Amino acid sequence: MAVSLSSAATLSVDRCGCDYLAVFRAMATPCEVRSDTDDATQAHAAAEAVEAEARRIEAKFSRYRSDSVIGMINAGAGHEIEVDAETAHLLDFADHCYRLSRGLFDVTSGVLRRIWRFDGSDRLPNEDQIRQMRAFVGWHHVVWKRPVLRLAPGMEIDFGGIAKEYAVDRALAAARGITDAPLLVNFGGDLCVSGPRRNGSGWKVAIESVDKERSAAGLLHLSSGAIATSGDARRYLLKDGKRYGHILDPRSCRPVEQAPRSVTVAAGTCVEAGLIATLAILQGKTAEKFLKREGARAWCIR
Amino acid sequence: MSFLQSLRRGARFAVACLGLGALGACTTIGPSPWEKDLMARKEMQVSAYAPLKAADNHVYFSKEASSGGSGFAGGGCGCN
Amino acid sequence: MQLRKRRKGSVREQIAALSAGLLAVSGIPAAAQDNPYAPVSGVQDNNFGPGAAYSELDAALLVYQEAGGRVQAIEPSANLAVHGAHGETFSLGLIADAVSGATPNGAVPSDQVQTFLTPVMLSGGHATVTGASGGSTIISLPGIPAVRQYTAAANTLPMDKGFHDHRGAIDFNWSQPLGHISDVGFGGGFSREQDYQAISGNAHIAQNFNGDNTTLSLTLNTELDSSFPFGGVPAPLTVMSGALKSPSTRDKTQLGFVVGLTEVVSRRWLLQFNYSFDSQSGYQNDPYRIISVVDATSGEPTANLYENRPNHRQSQSLFLDNKFDFDPFVTDISLRYFKDDWGITSKTAELSERINLGRSFFIEPDVRWYQQSAANFFHYFLNGSDPLPAFASSDTRLGKFSSLTYGMKVGFNLTGRTELDLRGMYYQQTGDGHPADAIGQLRQQNLFAGTKAAFVFLEYTWNFH
């Protein structure tokens, strides 16, 4: 594939302590693969598999590319589109999560980025703009009868809320098919490990803090599972001293009120962790209560 | 764009930078959080191997005149 | 609007199931979905760190032996530390020891046999002796309370051979973050043996700065000790006798603080600096220890007096510790300077080098050098023709000496959660046993009563959830 040829040129794999560390950029995020091994060939092969999977998912589900599956779906709004098996699985997943969260998790909310641009400025949309956009948001407007999808004109599907986590889980699985070495796959803070390190200890993961005074909220020893973070550390609007995080409530079409600045969740898979983190932030001021009630292993920063 | 507008824009940009830059720990002295992997090891912990250090200190306390220093409050026994 | 209140954890369970389903149909085998919540058979949750609540149990055994038939001790201990998910820690420790053997009584050696008398513990009409084995005899004459008598051979350092003691101690500690304060806590301890008791308490506060690279801490500690020696507390600088003495108890109080700075200087270098201040008031004598008064010409002991130390002692120390991690070598260098108002100053330097051999094994040799000056009331003996000083002690602990310790520790990381450590240590004190002011027969004697000792220490650590 053309994708893997260009990736081989940009993939750097270097020795880092006891590991091999591969670094590349995909999905607009710094990505890394750590392999706890002394075998350079295995480390390279695992890293290449991870990068290939990341680029594949990016190419397939990026809303910025008209030739991606998502691009074609969105361009075909108003018509019936038959989707492939993988997209169908993701749409099933989105459907279940929409119902489970009573509308908080909604893959059709991506259109709101047309009026909410989170660039650190103070440009908020006005009431008219929000009202207009409302018509195009809502999974209940979508007709999904596997494998056929029908979007109303002007609506869009956006897997941005789970694509990165899904990519982490799939990329790790691809690398595990190649090597038995302990691996850590980290796409911009959403990460998953294959298991404990060679010496039996956990992978040391620093949980970033959003506060100026503290550069780390804590150091975690992870020997199984995944971590995902949802929050406004990097994308927000600031107006009149009020901070508007970039997680939008699809029901109000506005940023969630009184949401924690950051929620980090540890779970069995990255998809699971990411979804719980997103749902927690969508709870707004009761985020911590939600996480506690669900028994989630999570850290909230307000 | 007027002078005031550009000033405000610069200030907003600076605030955004501070918000982002804080994550890069540009104002702390010493290693950044992702550089503290070695510090998490047991052998680099100040409080590790406490029973062993206590045994050492017990011997030194009962045979020597100086006590404590490393934060371990010596004493508690009559080996005076 | 919130998610409808359902059974606790049900949303997460469903999400977990949905996620597993999504990944399964897209080709990821179930083995990839290890869940840290529910321990799956064959998968161990080895997550021990912030956010994980876990406990740590330590069991240890110390076996100690001094050369020349002197003190020997066995000390088992156990410690449990429980860590909460938000940085709280509670720890509980238990320690017991059994000590026996011979210990120098403080008198000088003589070219004649010497006899010493101490009281006998009477309980319910039967005489109890702290170890009649080892050369003591009980003398009872009608009308006079029984006394214990033991002798020291000519030209040997006089030792009381029959002493043994049992001790039990418990200590606890609680610490947690509080609001913006990184850590606060308090703790206490209680120790009791046959002739001594100590009750201690401490409190601390610590704050992290500089991205958690710097920590400043303040610890306050206090202790109340009670000494209740067999036969009562002797009046200082009176002649050693087997008579019962009074009072039966004397106390000592201690108050001190430690100011600490810990700094992560670089990725590989951790630095710790402490300043300690300590103040003790009350009874600080060793109630069993004597000092010989010798004849001004011949140097023969003419009387044995109970020692006396000042009622107040104030001390300060500066401590610096550096740890360097250059995998697989971890170096630890520490220095300490101590000074008190009894005239004692001491310097300590310690170096250890841990070498990680492979993933689960390490060796760590270490060496410690120590030197102290004598207390200003320390004397090997008292000259009979001089007036009696206010304070005098011949306890080696307060004398001028230097010591060297050689040690080796080996550790085995048995699984991700258990460790077994073994340490051997050899300790040797060196001092001048032939001081310039030795008189008469004392010139032929070695007056230094310092120790050579060795110990073996075994510790087993077990982490669990």
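What does chain A average in pLDDT, and what percentage of the residues score at least 70?

1. Chain A averages a pLDDT (the predictor's confidence in each residue, from 0 to 100) of 83, and 88% of the residues score at least 70. Keep in mind that this is a predicted model: local features need pLDDT of at least 70, side-chain atom pairs count only at pLDDT 80 or more, and totals for chains, interfaces and linings use all residues. Residues are numbered from 1 along each chain as its sequence is written, while chains are lettered from A and ligands numbered from 1 in the order in which they are written.

2. Start with strand β7 of chain A, residues 183-187 (strands are DSSP runs of E, at least two residues, numbered from the N terminus). Five of its five residues are buried (20 or more other C-beta atoms, placed from the backbone, within 10 Å of the residue's own), so β7(A) is largely enclosed by the rest of the structure. L183(A), V185(A) and F187(A) cover one side, with L184(A) and N186(A) on the other.

3. β7(A) has two partners to look at. It pairs (at least two DSSP bridges between the strands) with β3(A), residues 29-35, antiparallel over five bridges; here S35(A) stands opposite L183(A). With β8(A), residues 190-193, there are four bridges, also antiparallel, and V185(A) faces C192(A). β7(A) and β8(A) make a hairpin with two residues between them, where G188(A) has a positive phi of about 55 degrees.

4. Elsewhere, three strands form an open antiparallel sheet in the order β4-β6-β5 (chain A). Its edge strands are β4(A), 80-82, and β5(A), 143-145.

Note on methods: A residue is buried if 20 or more other C-beta atoms lie within 10 Å of its own, exposed if 12 or fewer, and partly exposed in between; C-beta atoms are placed from the backbone.
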